[in-house]
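Got the model open in your viewer? Let's take a walk through it, one selection at a time.

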Amino acid sequence: MTTIFRKSVLSVAGLAFAGGVFAGPIAAHANPVDAKPVAVAVQTGAPKPQGEQSHIDLNGEQTANVKAIIAATKKAGLPERAAIISIATSLQESKLENLGHLGDANDHDSLGLFQQRPSSGWGTPEQITDPAYSTTAFLKGLTQVDGWQDMALTDAAQTVQVSAYPDAYAQWEQQATDLVNQHWNS
């Protein structure tokens, strides 16, 4: 045999061997006729709250704002998880108080439950200080976040709010969850 012919045969044999090694295991499992369903564990429910949790006692106005957030979430046809993210966000931003202009203590022109800014396109001051409107605006932003349902609460809230303190939302997740559990069906 000539050297060129021998190298050609060995190359073809090498390719055939490599193809069998790599394609063999795949091909062995590729018959869809004999395929059987495989049980796959699926995580259900929301992720566990992250980090240390904070809690505040609510007054009547704050409780009314919780109910307004839940009502707006239901009206939008969204699940409890959206209300939990919304309430936790409002707990961080305003402690569930519908804040007007705070003078020198104001963060730019931030207003309402979610500290939304008219100058950033959230709405007029009158709209932003309406709990139903501000919640609907927040939920609109939330639902534009791909995968928000499965994200950590703080990541979902931060994507909408773009806060200087992105991890601060997480501390309110347990209280927000408890509030939704308490008021969702009331």
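Start with the whole protein chain shown as a surface: about 11,300 Å² is accessible, and carbon and sulfur atoms account for 57% of that. Bear in mind as you go that this is a predicted model. Of the 186 residues in the protein chain, 33% are buried.

Now switch to cartoon. You'll see seven helices and zero strands, so to speak an α-α-α-α-α-α-α pattern when you read along the sequence. Take the contacts between residues at least 6 apart in sequence: 60% of them join residues at least 24 apart.

Next, select α6, residues 153-161. How many of the nine residues of α6 are buried? Seven are, so α6 is largely enclosed by the rest of the structure. Show these as sticks: Leu153, Thr154, Ala156, Ala157, Gln158, Val160 and Gln161. To see what they pack against, bring up α3, α5 and α7. Before moving on, click Val162, just after α6, where phi is positive at about 55 degrees.

Time for the interior. Nonpolar side chains tend to be buried together in soluble globular proteins. The largest nonpolar core here has 29 residues, and the ones to pick out are Ile85, Ile87, Leu96, Leu142 and Trp148, which touch the most other members. Colour the helices that give two or more residues to this core: α2, α3 (80-94), α5 (131-143), α6 (153-161) and α7. Which of them gives the most? That's α3, with seven residues.

Centre the view on Leu142. Ignoring neighbours within four places in sequence, Leu142 is in contact with Ala82, Ile85, Trp148, Ala156 and Val160. Two of the names may ring a bell: Ala156 and Val160 are among the buried residues of α6.

Last stop: select α2 (residues 60-75) together with α7 (residues 173-183). Their axes come within 10 Å and cross at roughly 75 degrees. Angles of 65 to 115 degrees count as roughly perpendicular, and α2 and α7 are therefore roughly perpendicular to each other. Show side chains where the two helices meet: Thr63, Val66, Lys67 and Ile70 come from α2, and Leu179, Val180 and His183 from α7. Colour that contact by class and you get four nonpolar, two polar and one charged residues.

Methods
Residues numbered from 1 in each chain as written. Predicted model: local features only at pLDDT ≥ 70, side-chain atom pairs only at ≥ 80, totals over all residues. Heavy atoms only, no water. Axes fitted to C-alpha atoms, helices over the stretch in contact; angles between N-to-C directions. Helix = DSSP H or I, 4+ residues; strand = E, 2+ residues; numbered from the N terminus. Parallel < 35°, antiparallel > 145°, perpendicular 65-115°, else oblique. Contact = heavy atoms within 4.5 Å. Nonpolar A, V, L, I, M, F, W, Y, C, P; charged D, E, K, R; others polar. Core = buried A, V, L, I, M, F, W, Y, C linked by side-chain atoms within 4.5 Å. Buried < 20%, exposed > 50% of the residue type's maximum accessible area, 1.4 Å probe, protein only. Areas by Shrake-Rupley, 256 points an atom, 1.4 Å probe, with all protein chains shown as cover.
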